[in-house]
Amino acid sequence: MTKPPRSKPLLRDTEKPVRSRPRKPRDPAQPNLPLDPMPDRIEPCLALLKARPPKGDDWVYEIKWDGYRLAVHIEPTGIRILTRGGHDWTDRFPAIKLAAMWLPVGTAILDGEAVVLDEQGRSDFGLLQKSLGGRGGKKSSSDAIFMAFDLLYFDGHDLRNSELDMRRHLLEDLVPAGEQGDIRLSEEIGADGDQLLASACELDLEGIIAKRRDAPYRSSRLGDWLKIKCVQSDSFFIVGYERSAAALGQIGSLLLAGRKGDELVYVGSVGTGFKEKAASELREMMETITRKTPAIEYAGRRKNVVWLQPTLIAEIEYRAWTDDGKLRHSSFKGLREVQDNAAVYEVE
């Protein structure tokens, strides 16, 4: 639990009363400092996937965190924690909420990622989901911490038109580097992009993020932020599963689909990465959304396939694509929440 900051004595001589300086009358000619209205919600800036890090001094780097994107709103009426899709999850992250209450600021909007760290200090999407009770669960997570990487609103001022360097400067005053509370700073790393990516991959991290240091904060995926992954990971619809009496949850494999315009396209299957409890819960969810015909064009020869309504979204790790557009060396990481507004992979 985050501890409140230690208070400092206002005066060294405690015997003397506290007195303020005489207040001068306000000069009517002096303009009022304009304050920006606090946005109710801000669409997040999203990172564009690239194969290699960009070059040049215009870019700064951070570790890529594997969790749920959140916006922490510190408002006059209290704290709100919103998912990427705009859903209020304040009650699901009580430790983050409490930490936000102790930040030395009146109003603010912090952009970042809720994560659960493993024993080596790496973010683990599976551990985060488990702490929240799985997909569709209603548990509150006391293990999740918030890695803050941007500041969008600060004490009455909308910072979205300010350069990243300015926003980061204010954020680092608010959340100092190195602190180990429930809200922590996602620190910028001064390194060559290729070397940093290699180090991240050696440590089994998901990858790195590159950000243009002079860019304003722009919602959507416009290329101001780039993500470079060690292992590819994307979201796909589950459109069916192959039954197997010998497998966990009797799931031999999941059949997956990506988007191509308004249609769904089969991209292969995944048969590894399942945990026993998660597999059983997944099987129960899938039994409620079965259908008689596939939602995709499918010419495969798999037996015992149960077709599903394309409503469940799975996060899948994979190494590459085959020449005919199928996933290679895929592994199931977990289900995405509807509130997380995860983007299903767009097939080119």
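**A guided reading of the predicted model**

One open sheet consists of 4 strands in the order 1-10-9-2, with mixed pairing; strands here are DSSP runs of E with at least two residues, helices are runs of H or I with at least four, and both are numbered from the N terminus. Two strands count as paired if DSSP finds at least two bridges between them. Strand 1 (48-49) and strand 2 (59-63) stand at the edges, each with a single partner strand, so one side of each has no neighbour in the sheet. Strand 2 runs antiparallel to strand 9 (residues 207-212), and 5 bridges join them. Within this pairing, E62 has I209 of strand 9 as its bridge partner. Helix 4 packs on the sheet and touches strand 2, strand 9 and strand 10, where contact means heavy atoms within 4.5 Å. The direction of helix 4 makes about 150° with that of strand 9; axes are lines fitted to C-alpha atoms, for helices over the stretch in contact, and angles run from 0 to 180 degrees between N-to-C directions.

The model is predicted: local features need pLDDT of at least 70, side-chain atom pairs count only at pLDDT 80 or more, and totals for chains, interfaces and linings use all residues. Residues are numbered from 1 along each chain as its sequence is written, and side-chain values use heavy atoms, with hydrogens and water left out.

Helix 4 (residues 193-202) also holds C201, whose disulfide partner C230 lies in the loop between strand 10 (225-229) and strand 11 (232-243), 29 residues apart. The S to S distance of this disulfide is 2.1 Å, the definition being a pair of cysteine sulfur atoms within 2.5 Å. The torsion about the S-S bond is about -95°, so the disulfide is left-handed. C201 is partly exposed, at 31% relative accessible area, and C230 is partly exposed at 21%; buried means under 20%, exposed over 50%, and partly exposed in between (1.4 Å probe, protein chains only).

Elsewhere, a hairpin joins strand 3 to strand 4 through 2 residues. Strand 3 (residues 68-75) and strand 4 run antiparallel, joined by 6 bridges, and I74 has I79 as its bridge partner. In strand 4 (residues 78-83), 5 of the 6 residues are buried, so the strand is largely enclosed by the rest of the structure.

The largest nonpolar core has 31 residues, of which V72, I74, F93, L110 and I183 touch the most other members. Such a core is a set of buried Ala, Val, Leu, Ile, Met, Phe, Trp, Tyr and Cys residues joined through side-chain atoms within 4.5 Å. Strand 3 gives the most to this core, with 4 residues.
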